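Me: I would like a close look at one part of this model. Take a single helix, see what it packs against, and follow the strands from there.

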Amino acid sequence: MSDPRELYQQVILEHNRKPRNFGKLEPCTHHAEGHNPLCGDQLELTLVVEDGLVQDVKFQGSGCAIDVSSASLMTQAVKGRPVAEAEAMAEQFRGMVRGELDPATQTPLLGKLILFQGVKDIPSRVKCAVLPWATLHAALKGEEEASTE
Amino acid sequence: MTTTRQPLDVQAIRKDFPLLSRVFHGKPVVYLDSAVSGQMPLPVIERMLHYEREEHTNVHRGVSTLSQEATDRYEEAREKVRGFLGAASAREIIWTRGTTEALNLVAQSFGRMVVKEGDEILLSAMEHHANIVPWQMLAQEKGATIKVIPMNDAGELILDGLDDLITERTKILGLVHVSNVLGTVNPVKEIIARTHAKGVPVVVDGAQAVPHLAVDVRDLDADFYAFSGHKLSGPTGIGVLYGKLAHLEAMPPWQGGGSMIRSVSWEKTTYMPAPGKFEAGTPPIAAAIGLGAAIDYVQALGLDRIAAHEHELLTYATERLERLPGLRILGTAKNKASVLSFVVDGIHPHDLGSLLDGEGVVVRAGHHCAQPVMTRFNVPATTRASFAYFNTREEVDVLVSAVVKAIELFK
């Protein structure tokens with residue numbers, strides 16, 4: 001098991017301190033709420049999708065540093081991307097933090113998001129990192145709610 | 001009984017806990033999570049192992065010497081619990097899986113008998129989910145309502161309005177002895193006396209109380225008192241419900257099966273007297289005997305000495321932690337036991353929990369199965385350190401340093 005302290009890299013701490021794309025898009029085309037019952041993390045995601053592209057995305061809510069930084073970095077990563085690509089990123093992210101995909105070769109879409117790979121060694125925190133992506137998936141599928149349970 | 005003696009020899013005691021020698025992330029473990037589950041000392045583990053190796057069979061069955069021996073050991077453990085709680089009779093001691101099952105038993109048997117449509121069940125604002133949810137289930141089934149005794153910002157129950165909260169429709173009061181989140185020691189004896197004056201029985205959740213303070217159920221005049229073995233240096237899977245015999249005799253069984261019957265025919269089944277009628281099926285025998293050994297161990301140390309040692313650690317940790325910038329302690333009652341919950345500005349309790357884990361410090365981060373308490377204090381969760389008789393001031397220092405490092409990191 002790796003040291004939990006290694007997870008708290010400066011990028012994660014910095015995005016936790018100053019989350020990007022924080023807020024709510026009104027009007028929006030897609031919307032979902034995410035909830036992690038174990039931690040009490042709560043997340044609301046709003047998107048504007050046009051011509052198959054994620055034109056804009058914002059999140060708001062409260063949670064731990066892993067959850068908030070994951071949400072912040074996710075919004076940066078998917079903005080301007082085709083919906084299908086955003087979905088594929090969600091799949092790769094989920095696979096990586098569950099230890100099913102190797103970030104060295106199997107998650108080409110993730111870019112710098114591979115800094116979350118250490119989460120796989122702290123099973124109790126996997127849900128925190130995944131919550132924003134689960135919420136994104138729910139929003140794109142037209143579901144109102146995502147839960148990590 | 002214990003008298004004034006030397007303080008605990010903590011270094012000698014620690015030799016009874018091999019787990020305390022483990023290393024996590026290159027750091028010696030600092031176990032400050034006894035409120036989640038206490039560690040078992042070697043004499044308890046060895047007693048259970050001896051039962052499984054040399055004495056194992058079923059109880060209350062057959063005529064073999066082996067069976068009689070196991071039954072005797074099992075019933076001796078019940079007698080130890082009786083003595084530990086100061087109950088009048090071992091017939092008032094029911095084995096359960098833990099506090100949760102004990103409280104469910106009270107709700108499903110006694111509660112179902114006395115609560116009717118339109119009645120009220122009174123609970124305190126600092127109950128664990130185990131003393132909330134069984135009552136909500138019963139209230140829903142019966143069409144009854146739940147009322148709550150409020151608490152102040154220090155985490156003390158506000159008892160001024162208690163006499164008005166208890167109405168002629170109130171059928172039972174559920175009350176936690178020591179809050180698992182706030183550490184508050186509630187004035188249980190006074191509350192029971194006032195509640196009894198209105199003719200209402202009281203069930204006490206003693207899970208966090210019995211490891212830290214001497215409990216005498218007759219002095220408290222509790223109608224029911226529940227606790228778990230694993231918070232008292234014993235194993236998981238065993239707990240206790242004390243109930244006044246008059247209640248137990250009036251209550252219907254709640255689970256049916258072997259052991260709890262006197263005779264069974266297709267026409268009519270008769271039940272054992274208490275406690276037998278509440279103990280269907282084969283019990284966790286080794287665990288019951290282990291709990292008996294845990295009571296021996298704790299009593300040999302002396303609850304007075306345990307309380308004095310833990311109180312010193314709690315006071316020391318409180319003084320050191322409350323000075324840290326942005327740190328807020330939840331639960332500042334005058335009378336507290338062994339539990340220290342806190343939050344730090346800008347650091348989510350789960351992040352803090354992970355960072356402390358990286359320093360070898362085991363604490364609980366979460367809602368502590370007491371979400372209404374979290375809501376009351378407007379926090380999603382807290383970090384909680386809890387102290388036991390084997391902890392040291394040096395371990396408190398490690399905790400404080402680890403929290404300081406986390407604060408620095410998140411700055």
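Reply: The buried residues of H5(B) pack against helix H4 (99-114), S5, S6 and S7 of chain B. This is a predicted model. Confidence in the chain is high in number: mean pLDDT for chain B is 96, and 99% of its residues reach 70 or more. The model as a whole scores ipTM 0.89 and pTM 0.93.

Start with the helix. Which residues of H5(B) are buried? They are Pro134(B), Trp135(B) and Leu138(B). Seen down the axis of H5(B), the buried residues fall within an arc of 95°, so they line one face of the helix. Just after H5(B) comes Gly143(B), with a positive phi of about 75°.

Now the path of the chain. Helix H5 covers residues 133-142 of chain B and lies on the route from S5(B) to S6(B). That β-α-β crossover is right-handed. The two strands it links also pair: S5(B) and S6(B), residues 145-149, run parallel over 5 bridges. One pairing can be named. Ser124(B) has Ile149(B) in S6(B) as its bridge partner.

Take S5(B) next. This strand spans residues 120-124 and is mostly covered, with 5 of its 5 residues buried. Is one face covered, or are both faces covered? Both are. Glu120(B), Leu122(B) and Ser124(B) are buried on one side. Ile121(B) and Leu123(B) are buried on the other. Ser124(B) thus appears twice here: it is buried in S5(B), and it bridges to Ile149(B).

S5(B) has another parallel partner. It pairs with strand S7, residues 170-176 of chain B, over 4 bridges. Here Ile121(B) has Ile172(B) as its bridge partner in S7(B). S5(B) therefore pairs with S6(B) over 5 bridges and with S7(B) over 4, while H5(B) packs against S5, S6 and S7.From S7(B) the parallel pairing goes on to S8(B), again through 4 bridges. Leu173(B) stands opposite Val202(B) in S8(B). A helix belongs to this step too: S7(B), helix H7 (residues 188-196) and S8(B) make a right-handed β-α-β unit. The crossover through H5(B) is right-handed as well.

S8(B) spans residues 202-205. Val202(B) and Val204(B) point one way from the strand. Val203(B) and Asp205(B) point the other way. Each of these four is buried, the aspartate included. S8(B) also runs parallel to S9(B), joined by 3 bridges. In that pairing, Asp205(B) has Ala226(B) of S9(B) as its bridge partner.

Past S9(B) there is a backbone detail to check. Ser233(B) sits in the loop between strand S9 (224-228) and strand S10 (239-243). Its phi is positive, about 65°, although it is not a glycine. Most residues other than glycine have a negative phi, and most peptide bonds are trans. Is Ser233(B) buried or exposed? Ser233(B) is buried, because 29 other C-beta atoms lie within 10 Å, and 20 are enough to count.

Asn378(B) offers a second case. Phi of Asn378(B) is near 60°, also positive in a residue other than glycine. The residue is in the loop between helix H13 (371-376) and strand S17 (382-386) of chain B. Asn378(B) is exposed, because it has 7 other C-beta atoms within 10 Å, and the limit for exposed is 12 or fewer.

Two cis peptide bonds are worth a look. One joins Ala274(B) and Pro275(B), with omega about 5°. Pro275(B) lies in the loop between strand S12 (269-271) and helix H10 (285-301) of chain B. Another runs from Glu26(A) to Pro27(A), with omega near 0°. Pro27(A) is in the loop between helix H1 (10-17) and strand S1 (30-36) of chain A.

Back in chain B, Val343(B) is found in strand S14, residues 339-344. With 21 C-beta neighbours inside 10 Å, Val343(B) counts as buried. Its contacts beyond four places in sequence are Arg328(B), Leu330(B), Pro349(B), Val379(B) and Thr382(B). Thr382(B) is 39 residues away along the chain, yet the two C-alpha atoms are separated by 5.5 Å.

Last, the contact between the chains. It takes 13 residues from chain B and 14 residues from chain A. On the chain B side, helix H12 (349-358) and helix H14 (393-410) each supply at least two residues. The largest share, 6 residues, comes from H12(B). By type, the chain B side divides into 5 nonpolar, 6 polar and 2 charged residues.

Key. Residues are numbered from 1 along each chain as its sequence is written. Chains are lettered from A and ligands numbered from 1 in the order in which they are written. This is a predicted model: local features need pLDDT of at least 70, side-chain atom pairs count only at pLDDT 80 or more; totals for chains, interfaces and linings use all residues. Two residues are in contact if their C-beta atoms, placed from the backbone, lie within 7 Å. Ala, Val, Leu, Ile, Met, Phe, Trp, Tyr, Cys and Pro count as nonpolar, Asp, Glu, Lys and Arg as charged, and the others, Gly among them, as polar. Two strands pair if DSSP finds at least two bridges between them. A crossover is right-handed if, with the strands pointing away from the viewer, the path from the first strand over the helix to the second runs clockwise. pLDDT is the predictor's confidence in each residue, from 0 to 100. The arc is that of the directions from the helix axis to the C-beta atoms.
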